[in-house]
Amino acid sequence: LHSYKLNLFLFWQIKPSKSIYFLKVVKKRIIMDASLVKDIGFKALLAGGAVLISFWTFNAVKLVIEARGINPLVRKFFDQIAAGRIDAAYGLTSKTYKTHVKRQDFLKFLAGLNLNKYRNLKSGRPRVQEDQIIITLSLKSEDKKQELPLDFTFSKTDKDWKIDRIAKVNN
């Protein structure tokens, strides 16, 4: 823009009749440049938005595909506990979990949760860390006044998901 002003000034000094034409050309060119920048900016914004939406969609689909089998595992785990089959629920945990948490400690942990007063289960958004998926499950009492959030970490062994960690969420 600075060079246009300089050329306009020099041109005005030499030939006044052509300077008006030059001014119109400069004005038209500035408008064209601005509209070009505006068009390119808008197209770049659209392209960036499309890339971002594609990235989010790809990751969401990938997470859903990777997490297949976790919901039935959670349902089975709590069904086993509700039916009093604690050993079967303990069997749904991974080898790593079993090496760190012995059966007696598992029983104590479950007893400390007082699971019998909770009836509703709400699943949170899954989070992926390395080869594990972490989901916060909220157990809610029938009157919905009490809530017990638990972090479940799942790992895939062979083709099956196993519970790798269960922890109370500190509020």
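A salt bridge here is a side-chain nitrogen of Lys or Arg within 4 Å of a carboxyl oxygen of Asp or Glu. The model is predicted, and the tour starts with one such pair.

**Stop 1: Arg119 and Glu142**

Select Arg119 and Glu142 and show their side chains. They meet in a salt bridge, at 3.4 Å from N to O. Arg119 lies in strand 1, while Glu142 sits in the loop between strand 3 and strand 4 (147–157), so the pair ties together parts that are 23 residues apart in sequence. Are these two residues buried or exposed? Both Arg119 and Glu142 are exposed.

**Stop 2: the whole chain**

Zoom out and colour by secondary structure. The protein has six helices and five strands. Along the sequence their order is α-α-α-α-α-α-β-β-β-β-β. Of the 171 residues, 26% count as buried. Switch on the surface: the protein exposes about 12800 Å², with carbon and sulfur atoms supplying 59% of it. For the contact map, take contacts between residues at least 6 apart in sequence; 38% of these join residues at least 24 apart.

**Stop 3: the other salt bridges**

How many salt bridges does the structure hold? There are three, and two remain to be visited.

Select Asp87 and Arg103. Their side chains form a salt bridge with an N to O distance of 2.3 Å. This pair links distant parts of the chain, with Asp87 in helix 4 and Arg103 in helix 6 (residues 103–113), 16 residues apart. Asp87 is partly exposed because its relative accessible area is 46%. Arg103 also counts as partly exposed, at 33% relative accessibility.

Move to Asp151 and Arg127. In this salt bridge the closest N and O atoms are 3.6 Å apart. Asp151 belongs to strand 4 and Arg127 to strand 2 (residues 127–129), so the pair ties together parts that are 24 residues apart in sequence. Now colour the two residues by accessibility. Asp151 has a relative accessible area of 15% and is therefore buried, the cut-off being under 20%. Arg127, at 37%, counts as partly exposed.

**Stop 4: the largest pocket**

Return to Arg119 and display the pockets. Rolling a probe the size of a water molecule over the atoms shows where empty space is left. The largest pocket holds about 380 Å³ of space. Its lining consists of 16 residues, and those nearest the centre are Phe78, Asp79, Arg119, Leu121 and Leu139. Two or more lining residues come from each of helix 3 (70–82), strand 1 (118–123) and strand 3 (132–141).

Which element gives the largest share of this lining? Select helix 3, which contributes seven residues. Colouring the lining of the pocket by class gives nine nonpolar, four polar and three charged residues.

**Stop 5: Leu150**

Next, select Leu150 in strand 4. Leu150 counts as buried because its relative accessibility is 1%. Expand the selection to its contacts, leaving out neighbours within four places in sequence. The partners are Leu113, Ile135, Thr136, Leu137, Leu139, Ala167, Lys168 and Val169. One of these partners, Leu139, is among the residues nearest the centre of the largest pocket. For another, Ala167, draw a distance between C-alpha atoms: Leu150 and Ala167 are 17 residues apart along the chain, and the separation is 5.6 Å.

**Stop 6: Ser94**

Go to the loop between helix 4 (86–91) and helix 5 (95–100), where Ser94 is found. Is Ser94 buried or exposed? Its relative accessible area is 3%, so Ser94 is buried. Beyond residues up to four places away in sequence, Ser94 touches Ser155, Lys162, Ile163 and Asp164. Show these four as sticks to see what surrounds the serine.

**Stop 7: two positive phi angles**

Finish with the backbone. Most residues other than glycine have a negative phi, and most peptide bonds are trans.

Select Asn114, in the loop between helix 6 and strand 1. Asn114 is not a glycine, yet has a positive phi of about 50 degrees. Its relative accessible area is 39%, which means that Asn114 is partly exposed.

Then select Asp158, in the loop between strand 4 and strand 5 (160–168). Asp158 is likewise not a glycine, and has a positive phi of about 60 degrees. At 81% relative accessibility, Asp158 counts as exposed.

Note on methods: Residues are numbered from 1 along each chain as its sequence is written. This is a predicted model: local features need pLDDT of at least 70, side-chain atom pairs count only at pLDDT 80 or more; totals for chains, interfaces and linings use all residues. Side-chain values use heavy atoms; hydrogens and water are left out. Helices (H or I, at least four residues) and strands (E, at least two) are DSSP runs, numbered from the N terminus. Buried means under 20% relative accessible area, exposed over 50%, partly exposed in between (1.4 Å probe, protein chains only). Contact means heavy atoms within 4.5 Å. On a 1 Å grid over the protein atoms alone, a cavity is a set of points where a 1.4 Å probe fits but cannot get out, and a pocket is an open set with protein on both sides within 12 Å along at least five of seven lines; lining residues have an atom within 4 Å of a point. Grid points are joined across faces, edges and corners, and a volume is the space filled by probe spheres set on the points. Ala, Val, Leu, Ile, Met, Phe, Trp, Tyr, Cys and Pro count as nonpolar, Asp, Glu, Lys and Arg as charged, and the others, Gly among them, as polar. Accessible areas come from the Shrake-Rupley method with a 1.4 Å probe; for residues, only the protein chains shown count as cover.
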